Amino acid sequence: MTKSIGPVKVDSVDVAKQLVEQYDTFLFDCDGVLWLGSHLLPHIKETLDLLVAHQKTLYFVTNNSTKSRAAYAKKFASFGIIVSEDQIFTSGYASALYVRDTLKLQPGKDKVWVFGESGIVEELKLMGYESLGCNDPRLDHPFDIATSPFIAQGLDPDVKAVIAGLDTKVNYHRLAITLQYLQQPDIKFVATNIDSTYPNKGHILPGAGSMINCVAFAAGREPAACGKPNPNMLNAIVTAKQLNRSKCCMVGDRLNTDIRFGVEGKLGGTLLVLTGIETEQNALDASGDHPLPKYYAEKLGDLYELIN
Ligand SMILES: C[C@H](OP(=O)(O)O)C(=O)O
Ligand SMILES: [Mg+2]
């Protein structure tokens with residue numbers, strides 16, 4: 001049996017051209033690949049333009065649920081990159097699809113408690129679901145069991161699911177009320193993604209998984225996680241866009257989400273970039289419990305810098 005070679009570094013024109021030529025569709029993770037927060041990484045626009053010029057199809061698949069697909073399209077536009085909403089898939093959208101298609105909650109009747117940000121609320125609203133929690137300003141007040149309106153009014157009986165995701169306004173009030181809903185066994189527990197951290201401007205910050213685990217631990221429950229590496233997210237994209245998995249390449253910065261998503265999703269290839277979470281040592285370490293990428297590069301912009 002031929003020994004499979006390890007990850008190939010994209011550090012020459014030949015390898016860069018080989019990678020680009022063998023796939024017709026590229027699925028890009030966002031945080032740590034395209035940008036770090038509001039900082040666009042080097043030669044991203046040039047690389048995406050180069051791929052489009054080579055008739056490649058591009059999609060963007062992010063576990064960051066804080067923005068809706070429409071808001072992400074605006075973020076791309078702020079960098080001068082024109083991307084349509086239907087090229088963008090977020091873990092908030094994947095979670096709303098799960099509520100609609102798997103949990104089959106009734107729009108206009110069943111409500112969702114959101115421990116997360118507006119990206120989740122906006123995707124649920126597009127499907128006709130009312131959300132509670134999230135940006136409700138009453139949750140910004142320090143929790144006091146004697147005065148919390150959520151305790152005084154009691155739980156909303158129409159809430160049939162909790163969606164938990166990255167919430168940069170997390171506080172004890174939000175944790176306490178989310179737990180009250182999760183203590184109801186009939187209320188379904190959905191998580192957008194499991195990322196323990198996410199990269200932002202040279203720092204590694206607590207990710208959705210860190211705060212979701214807080215309420216999961218308190219409730220003694222495990223959520224259904226909808227983002228990468230959940231194959232349902234990839235299946236939804238492949239079906240919606242009629243993709244040929246063998247001609248797709250997943251580009252990401254995290255091994256246990258992006259690269260696992262691509263490898264277990266049987267995509268033709270994967271490219272790990274080292275501008276986010278992982279190091280070159282991690283990219284080559286076969287002893288971990290995660291698959292290794294087919295290719296890796298210092299940054300995505302190397303494709304442009306090598307080929308151009
Ligand atoms: C890290 C992740 O975003 P992604 O890297 O999937 O765009 C997230 O923000 O939790
Ligand atoms: Mg990322």
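Begin by colouring the two domains of this predicted model: domain 1 is made of residues 8-63 together with 229-307, while domain 2 runs over residues 105-225. If you place a marker at the C-alpha centre of each domain, the two markers lie 30 Å apart. Where the domains touch, eleven residues come from domain 1 and nine residues come from domain 2. On the side of domain 1 that touches domain 2, you will find two nonpolar, seven polar and two charged residues.

Next, select residues 91-102, which form helix α4, and residues 118-126, which form helix α5; their axes come within 8 Å of each other and cross at roughly 40 degrees. Because of that angle, α4 counts as oblique to α5, and the crossing of the two helices is right-handed. To see what makes the contact, show the side chains of Gly-92, Tyr-93, Ser-95, Ala-96 and Val-99 on α4, and then those of Gly-119, Ile-120, Glu-123 and Leu-124 on α5. Sorted by class, this contact has five nonpolar, three polar and one charged residues.

Now move to helix α10, residues 255-264, and ask how many of its ten residues are buried. Seven of them are, so the helix is largely enclosed by the rest of the structure. The buried residues to select are Leu-255, Thr-257, Asp-258, Ile-259, Arg-260, Phe-261 and Gly-262. Around them, display α9 (231-241), β14 (248-252), β15 (269-273) and α11 (280-284), since these are the elements against which the buried residues of α10 pack.

Step just past the end of α10 to Lys-266, in the loop between α10 and β15. Is Lys-266 buried or exposed? Lys-266 has 12 other C-beta atoms within 10 Å and is therefore exposed, a residue counting as exposed if it has 12 or fewer. Its backbone also deserves a look, for Lys-266 has a positive phi of about 55 degrees although it is not a glycine. Most residues other than glycine have a negative phi, and most peptide bonds are trans.

A second residue of this kind is Gln-55, which also is not a glycine and has a positive phi of about 60 degrees. You can find Gln-55 in the loop between α2 (44-53) and β5 (57-62), and because it has 7 C-beta neighbours inside 10 Å, Gln-55 counts as exposed.

Finish at Pro-229, in the loop between β13 (224-225) and α9. Zoom in on the peptide bond that leads from Lys-228 to Pro-229, which is cis, with omega near 10 degrees.

Definitions and conventions. Residues are numbered from 1 along each chain as its sequence is written. Chains are lettered from A and ligands numbered from 1 in the order in which they are written. This is a predicted model: local features need pLDDT of at least 70, side-chain atom pairs count only at pLDDT 80 or more; totals for chains, interfaces and linings use all residues. A residue is buried if 20 or more other C-beta atoms lie within 10 Å of its own, exposed if 12 or fewer, and partly exposed in between; C-beta atoms are placed from the backbone. Helices (H or I, at least four residues) and strands (E, at least two) are DSSP runs, numbered from the N terminus. Two residues are in contact if their C-beta atoms, placed from the backbone, lie within 7 Å. Domain bounds come from an automatic or database domain assignment. Ala, Val, Leu, Ile, Met, Phe, Trp, Tyr, Cys and Pro count as nonpolar, Asp, Glu, Lys and Arg as charged, and the others, Gly among them, as polar. Axes are lines fitted to C-alpha atoms, for helices over the stretch in contact, and angles run from 0 to 180 degrees between N-to-C directions. Angles under 35 degrees count as roughly parallel, over 145 as roughly antiparallel, 65 to 115 as roughly perpendicular and the rest as oblique. A crossing is left-handed if the near helix is turned anticlockwise from the far one by less than a right angle, and right-handed if clockwise.
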